[in-house]
Structures are given as C-alpha cells and as structure tokens.
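Me: I have a chain to go through with you, strand by strand and contact by contact. Please keep the answers short and end each on what I asked for.

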Amino acid sequence: TISAITALPAAITTGKVLQVANDQDGGHIVLNTSSWIDTALSISFTPVSASSKILMLATVQRYSDGGSGSYHGEFQARFHFNGSAVNEAYADLTLNANPGAIDLYNSYINQENSPGTSAFTIKVQVKNPNTNQGYCTYNQYSGTSSLTIWEYAS
C-alpha cells in the first residue's frame, strides 16, 4: 500500500532541486586596482545535505575599454566559495584603444560539492588585471548583476 512507502529509490531523487537562493546587486564599482574586490553579490547558504551539489550562476554587468597604445581592456570575475576562490577566473577582453569599449552582461557558472550542512558564504569577486586600460567597471550605467545558487541531490 502507499502508506508502506518510506522513501523513494535513489534514482528518482538524484538531480532533484533541494533549494534555490538568489541575490541581486545594482552597486557600481570602478575597478582601478588589480586586486580582487568583493561585490555585494553574496549569499549565506546552509545546505540541507552533505552529499549534494551546489550549482552557482552569476550574471554580471561589466564595462571596459582599451587604453592608449596596445593596452587591451580586461575584466575578470570569479566565485568565492566557502572561504576560497574556486575554479579559475573568468576573463573578458576588449580591443586596444578606443573604440575598443564593451558593455555587456556575462554569465559565469560553476559547480562544487556541498561542504557539509553548516552555513557558508558564496560570493562574486571582480578585478581589473590591466590598470593601464582606459576604464573598467562593474555595473556600469545602472546595471544590475545577479547570483543564483541551486542545491540539488547527487
């Protein structure tokens, strides 16, 4: 009978979304340093399962343009997961000099194993690795960036 069922087979529960969290940020940051800078995209997250996967998707609005001479415009973003940078930085280049400007939304995605069932923080960091370029910003022209996290059974 249906009342005798106490759990679903593992094959049915694998891939099931356990929870979703989202954050948005409209703050503008001029990137005039080559150091990593925390954006306001930050989520304190508590997994419901120590064996789950965490899927992160950041959609970041960025602007950069090349400087004089042969300097390319460059923008970098990365995920900071549970106290450490994960994966490699995502880099976007523009042409050198003007009119080498670019203003667009980029999406970055990464998956990690759940670090357990204690709360931890996932955030997005950005930087301008080439301070010789003309101009580099996060959320230019009143842009809004977002961070979405899915925890799913594995």
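Me: How many bridges pair β4 and β9, and in which sense?
Reply: This is a predicted model, so the pairing is computed from predicted coordinates. In β9, tyrosine 138 is the bridge partner of arginine 62. The sense of the β4 and β9 pairing is antiparallel, and the number of bridges is four.

Me: How many bridges join β4 to strand β7, and how many join β4 to β10?
Reply: With β7 (residues 102–113), lysine 53 has asparagine 113 as its bridge partner. With β10, leucine 55 stands opposite tryptophan 150. Both pairings run antiparallel. The count for β7 is 12 bridges, and for β10 it is seven.

Me: What is the bridge partner of isoleucine 37 in β8?
Reply: Strand β3 covers residues 37–45, and its pairing with β8 is antiparallel, over six bridges. Within β8, isoleucine 37 has as its bridge partner valine 126.

Me: Which residue of β8 is the bridge partner of glutamine 76?
Reply: Strand β5 spans residues 72–81 and runs antiparallel to β8, with six bridges between them. Glutamine 76 has a bridge partner in β8, and that partner is lysine 127.

Me: How many residues of β8 are buried?
Reply: Strand β8 takes in residues 120–127 and has eight residues. A residue is buried when its relative accessible area is under 20%. By that cut-off the strand is mostly covered, and the number of buried residues is seven.

Me: What kind of aromatic pair do tyrosine 63 and tyrosine 141 form?
Reply: The chain has five aromatic pairs. For tyrosine 63 and tyrosine 141, the ring centres are 5.9 Å apart and the planes meet at 85°. Planes over 60 degrees apart count as edge-to-face. The pair is therefore edge-to-face.

Me: How many residues apart in sequence are the parts that this pair ties together?
Reply: Tyrosine 63 belongs to strand β4 (residues 53–65). Tyrosine 141 sits in the loop between β9 (135–138) and β10 (145–152). The pair therefore ties together parts whose separation in sequence is 78 residues.

Me: Tyrosine 63 and tyrosine 141: which is buried and which is exposed?
Reply: Tyrosine 63 has a relative accessible area of 12%. Tyrosine 141 has a relative accessibility of 56%. Buried means under 20%, and exposed means over 50%. So the buried one is tyrosine 63, and the exposed one is tyrosine 141.

Me: Which residues form one aromatic cluster?
Reply: Aromatic rings pair if their centres lie within 6.5 Å. One cluster of aromatic residues is made up of Phe45, Phe81 and Phe120.

Me: What is the phi of serine 142?
Reply: Serine 142 is in the loop between β9 and β10. At 73% relative accessibility, serine 142 is exposed. In the same loop, tyrosine 141 has a positive phi near 55°. Serine 142 also has a positive value in a residue other than glycine, and its phi is near 60°.

Me: Which side chain of opposite charge is nearest to aspartate 25, and how far away is that side chain?
Reply: Aspartate 25 lies in strand β1 (residues 17–25). Aspartate 25 is buried and has no salt bridge. A salt bridge needs the charged atoms within 4 Å. The nearest side chain of opposite charge is that of lysine 123, at 12 Å.

Me: Which backbone nitrogens does the side chain of aspartate 25 reach?
Reply: Beyond four places in sequence, aspartate 25 is in contact with residues including Thr39, Ala40 and Tyr138. One polar contact of the aspartate 25 side chain is at 2.8 Å, to the backbone nitrogen of glycine 27. Another is at 3.3 Å, to the backbone nitrogen of alanine 40.

Me: What distance separates the C-alpha atoms of leucine 31 and threonine 131?
Reply: Leucine 31 is in the loop between β2 (29–30) and β3, and is buried at 2% relative accessible area. Its contacts beyond four places in sequence include Ile37, Phe75, Val126 and Cys136. Leucine 31 and threonine 131 are 100 residues apart along the chain, and their C-alpha atoms are separated by 8.3 Å.

Me: Of the contacts with a separation of 6 or more, what share comes from residues 24 or more positions apart?
Reply: The chain has one helix and 10 strands. Of its 154 residues, 41% are buried. Among contacts with a separation of 6 or more, the share from residues 24 or more positions apart is 84%.

How values were computed
Residues are numbered from 1 along each chain as its sequence is written. This is a predicted model: local features need pLDDT of at least 70, side-chain atom pairs count only at pLDDT 80 or more; totals for chains, interfaces and linings use all residues. Side-chain values use heavy atoms; hydrogens and water are left out. Buried means under 20% relative accessible area, exposed over 50%, partly exposed in between (1.4 Å probe, protein chains only). Helices (H or I, at least four residues) and strands (E, at least two) are DSSP runs, numbered from the N terminus. Two strands pair if DSSP finds at least two bridges between them. Rings of Phe, Tyr and Trp (its six-membered ring) pair if their centres lie within 6.5 Å; planes under 30 degrees apart count as stacked, over 60 as edge-to-face and the rest as tilted. Lys and Arg count as positive and Asp and Glu as negative; His and the chain ends are not counted. A polar contact is a pair of N or O atoms within 3.5 Å; within protein, one must be able to donate a hydrogen and the other to accept it, and residues adjacent in sequence count only if both atoms are side-chain atoms. Contact means heavy atoms within 4.5 Å.
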